[in-house]
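Hi,

Here is the structure I promised to pass on. Please open it alongside this note. My findings follow below.

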Amino acid sequence: MVSDRLSITFAALADPTRRAILARLSIGETSVTDLARPFKISGPAITKHLKVLERAGLISRTREAQWRPCRIQAAPLKDVATWIEDYRQFWEHSFDRLNQYLKVLKKNKTPKPVLKRKKNER
């Protein structure tokens with residue numbers, strides 16, 4: 001996995017519109033027109049988003065007569081998942097250590113005596 005490739009993938013994923021496009025493509029291939037439908041942005045803006053995703057290797061576009069289907073490409077997402085997995089393991093280990101520390105604190109905590117107030121102190 002090349003870190004430059006990972007940077008390109010993260011840059012492409014940084015935009016919520018591009019993430020929404022990928023979410024739609026995870027269901028199956030579809031046309032550019034169908035991809036653009038839910039967004040309130042121009043056709044050229046959608047095309048720019050698709051080009052960014054394509055350069056990052058996250059989608060592929062083909063031409064079949066008048067239909068231009070887009071497909072998700074999962075390989076760059078696997079690289080992202082692999083990179084994130086190391087950090088997930090780090091956080092799980094950190095939480096496990098925190099949990100052990102909290103158990104020690106709870107075990108060593110001595111209960112405080114409950115003092116009753118006199119009626120006139122209220």
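R88 and E85 form a salt bridge through their side chains, with N and O 2.4 Å apart. This is a predicted model, so treat the distances here as computed from it. Both residues sit in helix 5, which spans residues 75-108. They are 3 residues apart, about one turn of the helix. The pair is not alone: salt bridges with shared partners tie E85, R88 and E92 into one network.

How exposed is R88? Its relative accessible area is 37%, so R88 is partly exposed. E85 has 27% and is partly exposed too. Both values fall between the 20% limit for buried and the 50% limit for exposed.

Next, the other salt bridges. The search of the whole structure returned 5. One of them joins R71 to E29, where the closest N and O atoms are 2.4 Å apart. This pair links distant parts of the chain, as its two residues are 42 apart. R71 belongs to strand 3, residues 69-72. E29 lies in the loop between helix 2 (16-25) and strand 1 (30-31). R71 has a relative accessibility of 27%, so it counts as partly exposed. E29 is at 35% and also counts as partly exposed.

Another salt bridge brings together the side chains of R61 and E54, at 3.1 Å from N to O. R61 is partly exposed, with a relative accessible area of 28%. E54 is partly exposed as well, at 31% relative accessibility.

Now the helix packing. Two packed helices are described by the angle between their axes and the distance between the axes. For helix 2 and helix 4 (residues 43-55), the angle is about 75 degrees and the axes are 10 Å apart. That angle lies within the 65 to 115 degree range, so the two helices are roughly perpendicular to each other.

Which residues make the contact? Helix 2 contributes T17, R18, I21 and L22. Helix 4 contributes H49, L50, V52 and L53. By class, the contact has 5 nonpolar, 2 polar and 1 charged residues.

To recap the places to look at in the viewer:

- The network of E85, R88 and E92, joined by salt bridges that share partners.
- The R71 and E29 salt bridge, which links distant parts of the chain.
- The R61 and E54 salt bridge, 3.1 Å from N to O.
- The contact of helix 2 with helix 4, at about 75 degrees.

Over to you.

Best wishes

How values were computed: Residues numbered from 1 in each chain as written. Predicted model: local features only at pLDDT ≥ 70, side-chain atom pairs only at ≥ 80, totals over all residues. Heavy atoms only, no water. Salt bridge = Lys/Arg side-chain N within 4 Å of Asp/Glu carboxyl O. Helix = DSSP H or I, 4+ residues; strand = E, 2+ residues; numbered from the N terminus. Buried < 20%, exposed > 50% of the residue type's maximum accessible area, 1.4 Å probe, protein only. Axes fitted to C-alpha atoms, helices over the stretch in contact; angles between N-to-C directions. Parallel < 35°, antiparallel > 145°, perpendicular 65-115°, else oblique. Contact = heavy atoms within 4.5 Å. Nonpolar A, V, L, I, M, F, W, Y, C, P; charged D, E, K, R; others polar.
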